[in-house]
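Student: I am new to this structure. Please take a close look at the charged side chains, and then lead me inward from there.

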Amino acid sequence: MAARWGRRLRWIFLIAVLAAVGFVAFSNRKELIDAFHLIGRGSPALLLAAVGSIACVYVSRGSAYKVAVHVMGYDLSRSFLARTALVATSVHQLIPTGGASGYAFLAYAFHQRGISTGRASIVALLDTLSYALSLASLAIVVFVHLIGGGTFSGASLGLGVVPAVALLGIALGLYYLQRERERMLRFSLRAKERLGALLGRHWADDPVRHFVYEYYEGKRVILENRHCFVRMMVFQYAAIAFDSAALYLAFVALGLAPNPWTVFVGFVVAMAGVSVIVVPGGGGSFEVVMSSFFATHGIGAANGIAAALLYRLAAFWIPVLTSLVVLWRLRRRRNIAKRIEQE
């Protein structure tokens with residue numbers, strides 16, 4: 001019963017978000033038409049530069065993975081880790097489950113490369129924590145800036161502070177959960193039982209206990225190398241910087257030159273805002289939040305919409321299509337490996 005109501009609430013929330021986005025788009029249809037005219041006059045070379053900046057995002061995320069993987073005694077290529085970051089991010093955006101979908105893919109991908117399930121989950125958890133803390137800290141800095149600059153409003157509170165607090169709460173919740181082995185074990189066993197009840201399946205407890213044991217063995221290694229998490233956060237900040245640079249390049253591609261700091265603040269506000277909106281691809285909410293912010297900070301509504309759409313092309317649609325190709329190649333290689341083993 002609870003699971004059924006949960007699904008209904010998710011559908012209601014999805015419909016509400018899409019309806020709100022549709023209403024905003026209809027209310028600003030003139031600006032939307034003007035934005036498409038602006039996009040038609042955009043520079044393909046600068047758009048390509050924005051795509052390159054997004055590629056650097058995944059190199060940075062992959063480098064964050066490599067820090068944790070290396071500390072635990074494994075050696076994976078940066079190209080593989082960058083591709084893994086690309087697919088994990090796309091999965092997270094397309095299947096919004098509060099980060100669980102991207103987390104599950106990371107653990108699966110690392111396990112396929114010989115990393116034990118528990119230690120693969122450590123890497124995935126460290127990535128989730130380091131990114132959430134990085135984005136939350138930037139959102140709080142932006143919030144303080146908005147107050148100091150006199151541009152703070154109720155909209156700023158909703159778009160910036162609430163998501164930042166939510167991200168920080170998620171990170172702290174994960175940290176608290178895994179602080180004690182017995183607490184983590186109880187939580188994992190309860191989660192296994194609930195998932196089994198939902199799917200009508202029953203699984204033994206031993207694999208879960210083994211997973212928790214492996215997890216804490218990996219955690220012990222990480223604690224012996226405490227600089228690891230700090231280095232991961234540095235790479236996460238670099239990824240966010242490249243991401244916001246892609247947005248600025250989208251503006252430049254349209255022949256605009258807004259204040260770089262204003263663009264960065266708008267980017268962080270939009271990223272923080274949509275991080276707690278669990279609908280596939282943001283459901284258009286990212287574009288609405290970003291263009292609304294820019295419209296209230298001296299950048300025309302049509303310009304903000306056009307830049308947001310160009311950025312989403314470079315940062316979402318192209319990576320998603322690339323991820324499908326990567327997944328197809330991974331599946332093809334796995335099928336070939338299985339045939340070789342059978343022969």
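**From charged pairs to the core**

Tutor: Start with Lys66, which has a relative accessible area of 18%. The cut-off for buried is under 20%, so Lys66 counts as buried. Keep in mind that this is a predicted model. Lys66 forms a salt bridge with Asp75. Their closest N and O atoms are 3.2 Å apart. Now look at the partner. Asp75 has 65% relative accessibility. The cut-off for exposed is over 50%, so Asp75 counts as exposed. One side of this pair is buried, and the other is exposed. As a general point, side chains of opposite charge can pair when their charged atoms come close.

The structure has 2 salt bridges by this count. Arg61 and Asp127 form one of them, with 3.1 Å between the closest N and O atoms. This pair links distant parts of the chain. Arg61 sits in helix 3, which covers residues 44-71. Asp127 sits in helix 6, residues 117-148. The two residues are 66 residues apart. Here both partners, Arg61 and Asp127, are buried.

Stay with Arg61 a moment. Arg61 also lies over the face of Tyr131, at 4.7 Å from the ring centre. Elsewhere, Arg312 lies over the face of Phe316, also at 4.7 Å from the ring centre.

Next, the core. In soluble globular proteins, nonpolar side chains tend to be buried together. In this model the largest nonpolar core holds 70 residues. The residues with the most contacts inside this core are Ile54, Phe110, Leu247, Phe267, Met290 and Tyr311. Several helices supply two or more residues each, among them helix 4 (78-94), helix 5 (100-112), helix 10 (227-253) and helix 12 (285-295). Helix 3, the home of Arg61, gives the most, with 11 residues.

Take Ile54 as a way in. Leave aside residues up to four places away in sequence. Ile54 then touches Asp243, Ala246, Tyr311, Ala314, Ala315 and Pro319. Apart from the largest core lies another, of 7 residues. Its members include Met184, Val208, Val212 and Tyr216.

Tyr311, one of the residues that Ile54 touches, leads on to the rings. A pair of aromatic rings is described by the distance of the centres and the angle of the planes. There are 6 aromatic pairs in the structure. In one of them, the ring centres of Phe267 and Tyr311 are 6.0 Å apart. Their planes stand at 80°, so this pair is edge-to-face. Phe267 is in helix 11 and Tyr311 is in helix 13, so the pair ties together parts 44 residues apart in sequence. Buried or exposed, what are Phe267 and Tyr311? Both are buried. Another group of rings is one aromatic cluster, formed by Phe251, Phe293 and Phe294.

Now step back to the whole chain. The chain has 13 helices and 0 strands. Of its 343 residues, 44% count as buried. Consider the contacts between residues at least 6 apart in sequence. Of these, 76% join residues at least 24 apart. The pair of Arg61 and Asp127, at 66 residues apart, is one link between distant parts. Last, the outside: the chain exposes about 17,900 Å², and carbon and sulfur atoms supply 67% of that area.

Technical notes:
Residues are numbered from 1 along each chain as its sequence is written. Side-chain values use heavy atoms; hydrogens and water are left out. A salt bridge is a side-chain nitrogen of Lys or Arg within 4 Å of a carboxyl oxygen of Asp or Glu. Helices (H or I, at least four residues) and strands (E, at least two) are DSSP runs, numbered from the N terminus. Buried means under 20% relative accessible area, exposed over 50%, partly exposed in between (1.4 Å probe, protein chains only). A nonpolar core is a set of buried Ala, Val, Leu, Ile, Met, Phe, Trp, Tyr and Cys residues joined through side-chain atoms within 4.5 Å. Contact means heavy atoms within 4.5 Å. Rings of Phe, Tyr and Trp (its six-membered ring) pair if their centres lie within 6.5 Å; planes under 30 degrees apart count as stacked, over 60 as edge-to-face and the rest as tilted. A charge sits over a ring if NZ of Lys or CZ of Arg is within 6 Å of the ring centre and within 35 degrees of the ring normal. Accessible areas come from the Shrake-Rupley method with a 1.4 Å probe; for residues, only the protein chains shown count as cover.
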